[in-house]
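Please open the model in your viewer and keep the selection tool at hand, as this tour moves from one selection to the next.

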Amino acid sequence: MPVSPDLAEDLATAVSSLYEQAELALIEKVTRALAEGLDSPLWAELKLAALGNLRAAVDEVLAALQADASGAIGQAVADAYERGQQAAVVELGALATGTAAAAAEALPTAAAVDRLASALVGETEATHSRILRSTLDVYRRVIAEATSAPLLGATTRRQTAQRALARFAVRGITGFVDNSGRAWNLTSYVEMATRSALGRAAVQAHTDRLGAAGIELVIVSDAPEECPRCKPWEGKILRRDGASGAGTVEVEHATEDERMVSVRVAGSLPEARSKGLMHPNCRHNVSIYLPGLTKPAGPKKARSRATYEQSQKQRYLERQVRAWKRKAAAGMDDAARRSANAKVRAYQGRIRELTAATGLPRKSHREQLTRSR
Ligand SMILES: [Zn+2]
C-alpha cells in the first residue's frame with residue numbers, strides 16, 4: 001500500500017481536541033470572571049485584585065492539558081508509525097519476490113517513535129507559556145476597555161465588555177507563528193503541527209520498512225488534483241535515501257538475476273520531502289518502484305472528488321463553526337449565547353449542503369469544540 005501523509009493525519013484529532021477543550025474552558029473562565037459583579041461601581045478594582053485567582057485557574061487548566069496531551073501525542077505517534085509500517089508490509093507482501101519475507105521481520109521502532117513523539121510534545125508545550133500570557137492579557141484588556149470612558153454607566157460597561165470579549169472569542173487564543181511566518185489560533189496551530197508530525201511519522205515508517213527490505217527506489221503518484229509544490233515530483237522515480245539530484249542509475253532487475261536496467265531518477269525522497277512533497281494534506285503518495293517491472297501508472301483520472309477550492313471552502317466553513325462556538329462560550333448572557341449558537345447551526349447547515357453537493361467527506365471533528373469528547 002502506498003504511503004501518503006493523510007494515512008495518519010486524522011489521528012491528530014485526539015491531540016487537537018484536548019487543546020480545543022482547554023481553549024474553550026479558558027474563554028469561559030475569563031468570561032465568567034469578568035461577568036461577576038459587573039454592575040458594581042468597584043468592578044474594575046475588584047477584577048484587577050482577583051487577577052491571581054484567574055492565573056491559578058489557568059495554571060490548573062494547563063497542568064491538566066500537559067498531562068493529557070503528552071499521553072495522547074505518544075499514542076498518536078505510535079499509531080501513525082504503525083500505520084506507515086503496515087502500509088509497507090502490505091505493499092511488500094504483494095510482491096512476488098523474496099522481499100516479502102524480509103518485510104515480515106519486526107523492526108525495532110520504539111526509539112524512532114520516542115524521538116518523533118518527544119519532538120511533538122516539545123512543540124506543543126512551547127505554546128503553554130503563551131496561552132497563560134495571552135489569557136491574562138485579554139482579561140486586563142477587557143477591564144481597561146470597559147473602564148476607558150470615565151462616565152460609562154453599568155449598562156454601557158456591560159456592552160463594552162461583551163464587545164471586547166466577542167472580539168477575543170472570534171480569534172480565540174492567538175499569536176502562534178509557524179516557520180513561514182503565518183499566524184495561527186491556538187487550536188488550529190496545534191492541529192497543523194500535529195497533523196504534519198503524524199504525516200511525517202507515517203511516511204518515515206514506510207520508508208524505514210522499505211529500507212529494511214532492501215528496496216532502494218520509490219515512485220511518486222500522479223495525483224488528479226496536484227498541489228503546485230509537488231508538481232515537479234509527479235510520477236517521478238526517487239532514491240529512497242541517499243544522494244540528491246537527478247541522474248540515471250544502473251540497478252539490478254527486480255526479478256531477473258544479473259540483468260541490469262537503467263532508471264532515470266529525479267532525486268531522493270528526503271530531498272523531495274524537504275522541498276514540499278508529502279506536505280500536510282498532500283494528495284500524492286509514494287510506493288515501491290521495482291526496476292524493470294513497475295510501469296508508470298500515468299495520470300490518474302480525476303475521481304468524482306471535489307476540487308481543491310471546494311475542500312478549502314469546507315475548511316473555511318469549519319473555521320467559522322469553531323469561531324462561533326468560541327463566541328458562544330464568551331457570551332455574557334443567554335441572548336448572546338443563543339445568537340452565537342444560531343450562527344453555529346447556520347454554518348453547519350452550509351457544510352451539510354457543501355458535502356452533499358460535492359461528496360466531500362464531512363469532518364465533524366473539525367467543527368467540534370465540545371467538552372463531551
Ligand atoms: Zn502535494
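**Charged pairs**

Begin by selecting Arg 167, which is partly exposed, with a relative accessible area of 40%; buried means under 20% relative accessible area, exposed means over 50%, and partly exposed lies in between, with a 1.4 Å probe and protein chains only. This is a predicted model, in which local features need pLDDT of at least 70 and side-chain atom pairs count only at pLDDT 80 or more, while totals for chains, interfaces and linings use all residues. Residues are numbered from 1 along each chain as its sequence is written, and side-chain values use heavy atoms, with hydrogens and water left out.

Now add Glu 145, whose side chain meets that of Arg 167 in a salt bridge (2.7 Å, N to O); a salt bridge is a side-chain nitrogen of Lys or Arg within 4 Å of a carboxyl oxygen of Asp or Glu. This pair links distant parts of the chain, since Glu 145 is in helix H6 (residues 128–146) and Arg 167 is in helix H7 (residues 154–171), 22 residues apart. Helices (H or I, at least four residues) and strands (E, at least two) are DSSP runs, numbered from the N terminus. Glu 145 also counts as partly exposed, at 27% relative accessibility.

Which residue forms a salt bridge with Glu 9? Select Arg 195 to see this partner, with the closest N and O atoms 3.0 Å apart. Arg 195 lies in helix H8 (residues 186–212) and Glu 9 in the segment before helix H1 (13–35), so the pair ties together parts that are 186 residues apart in sequence. Arg 195 is buried, with a relative accessible area of 11%, and Glu 9 is buried as well, at 4%.

Next, select Arg 322 and Glu 20, which form a salt bridge whose closest N and O atoms are 3.0 Å apart. Arg 322 sits in helix H10 (residues 308–329) and Glu 20 in helix H1, so that the pair links parts of the chain 302 residues apart. Both Arg 322 and Glu 20 are buried. By the rule given above, the structure has 13 salt bridges.

**A charge over a ring**

Select Trp 184 and then Arg 182, which lies over the face of the Trp 184 ring, at 4.2 Å from the ring centre; a charge sits over a ring if NZ of Lys or CZ of Arg is within 6 Å of the ring centre and within 35 degrees of the ring normal.

**The nonpolar interior**

Turn now to the largest nonpolar core, which has 84 residues, and select some of those with the most contacts inside it, including Tyr 19, Leu 34 and Leu 165. A nonpolar core is a set of buried Ala, Val, Leu, Ile, Met, Phe, Trp, Tyr and Cys residues joined through side-chain atoms within 4.5 Å. Helix H3 (residues 51–93) gives the most to this core, with 16 residues.

If you stay on Leu 34 and leave aside its neighbours within four places in sequence, you will find it in contact (heavy atoms within 4.5 Å) with several residues, among them Trp 43, Tyr 139 and Met 332. Apart from this core lies another, of 10 residues, among them Leu 317 and Val 344.

**A last stop in helix H6**

Finally, select Ser 134, which has its place in helix H6 and is buried, with a relative accessible area of 11%. Beyond its neighbours within four places in sequence, Ser 134 is in contact with Ile 173 and Thr 174.
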